[in-house]
Amino acid sequence: QVQVVESGGGLAEVGGSTRLSCAASGRILTFTTFGWFRQAPGKDRELVASINWNGHSTYYVDSVKGRFTISRDNAKNTVYLEMNALKPEDTAVYYCATREPGQSNYNYWGQGTQVTVSS
């Protein structure tokens with residue numbers, strides 16, 4: 001099993017930047033995909049960004065393209081989400097999750113970290 005812990009975030013200004021970290025531990029498989037999700041009050045949870053096992057394949061939801069960057073450091077079992085040019089609509093609880101090879105769903109989830117963007 002895998003344990004996932006998010007950190008970072010907090011309060012940020014419109015147009016500012018912040019960086020989220022996702023530290024994973026346990027039995028992490030080589031071909032594990034990591035994803036960052038977010039959920040705002042009254043809205044559905046959405047996949048913000050994902051990154052495959054070697055970092056060569058990434059996905060971004062349209063609303064964050066050009067502003068957010070996902071990366072991973074496999075030696076540290078850590079995934080990052082660099083968030084730039086923040087907008088109020090980026091305000092949400094952000095979750096990190098892992099998807100093991102051959103699985104259709106993300107298997108392990110962190111507890112979430114709040115990101116609040118205001119002027």
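## Briefing: a buried cysteine, a sheet and a salt-bridge network

C22 is buried, at a relative accessible area of 0% (buried means under 20% relative accessible area, exposed over 50%, and partly exposed in between, with a 1.4 Å probe and protein chains only). This is a predicted model, so local features need pLDDT of at least 70 and side-chain atom pairs count only at pLDDT 80 or more, while totals for chains, interfaces and linings use all residues. Residues are numbered from 1 along each chain as its sequence is written, and side-chain values use heavy atoms, with hydrogens and water left out. From C22 we can go on to the disulfide, the sheet, and the charged cluster around D90.

**The disulfide**

- The structure holds 1 disulfide (a pair of cysteine sulfur atoms within 2.5 Å).
- C22 and C96 are the two partners, and their sulfur atoms sit 2.0 Å apart.
- The link ties together distant parts of the chain: C22 is in strand β3 (residues 18-26) and C96 is in strand β9, 74 residues apart. Strands here are DSSP runs of E, at least two residues long, numbered from the N terminus.
- The link between C22 and C96 is left-handed, with -75° about the S-S bond.
- C96 counts as buried too, because its relative accessibility is 0%.

**The four-stranded sheet**

- β3 also belongs to an open sheet of 4 strands, in the order β1-β3-β8-β7 with antiparallel pairing. Two strands pair if DSSP finds at least two bridges between them.
- The edges are β1 (2-8) and β7 (68-73), each of which pairs on one side only.
- On average, neighbouring strands in this sheet are turned by 15° against each other, direction ignored. The axes behind that angle are lines fitted to C-alpha atoms, and angles run from 0 to 180 degrees between N-to-C directions.
- β1 and β3 run antiparallel to each other over 7 bridges.
- For V2, the bridge partner in β3 is G26.

**Two residues in the sheet strands**

- L20 is in strand β3 and is buried, at a relative accessible area of 0%.
- Not counting residues up to four places away in sequence, L20 touches a long list of residues, including W36, V79, L81, M83, Y94 and V115. Contact means heavy atoms within 4.5 Å.
- L20 and Y59 are 39 residues apart in sequence and 17 Å apart in space, C-alpha to C-alpha.
- T78 is in strand β8 and counts as buried at 10% relative accessibility.
- Leaving aside neighbours within four places in sequence, T78 is in contact with S21, C22, A23, S71, R72 and D73, so the disulfide cysteine C22 is one of the residues it meets.
- The side chain of T78 also reaches the backbone oxygen of K76 at 2.9 Å.

**The charged cluster around D90**

- Side chains of opposite charge can pair when their charged atoms come close.
- The count comes to 4 salt bridges (a side-chain nitrogen of Lys or Arg within 4 Å of a carboxyl oxygen of Asp or Glu).
- R38, E46, R67 and D90 are linked in a network of these bridges.
- D90 is found in the loop between β8 (78-83) and β9 (92-99), and it counts as buried at 0% relative accessibility.
- R38 and D90 meet in a salt bridge at 3.0 Å, N to O. R38 lies in strand β4 (residues 33-39) and D90 in the loop between β8 and β9, so the pair ties together parts that are 52 residues apart in sequence.
- R67 forms a salt bridge with D90 as well, with the closest N and O atoms 2.8 Å apart. This pair also links distant parts of the chain, with R67 in the loop between β6 (58-60) and β7, D90 in the loop between β8 and β9, and their positions 23 residues apart.
- Both R67 and D90 are buried.
- R38 has a second partner: its side chain meets that of E46 in a salt bridge at 2.7 Å, N to O.
- R38 counts as buried at 6% relative accessibility, whereas E46 is partly exposed, at a relative accessible area of 28%.
- Leaving aside neighbours within four places in sequence, D90 is in contact with R38, R67, F68, A85, V115 and V117.

Definitions and conventions:
A polar contact is a pair of N or O atoms within 3.5 Å; within protein, one must be able to donate a hydrogen and the other to accept it, and residues adjacent in sequence count only if both atoms are side-chain atoms.
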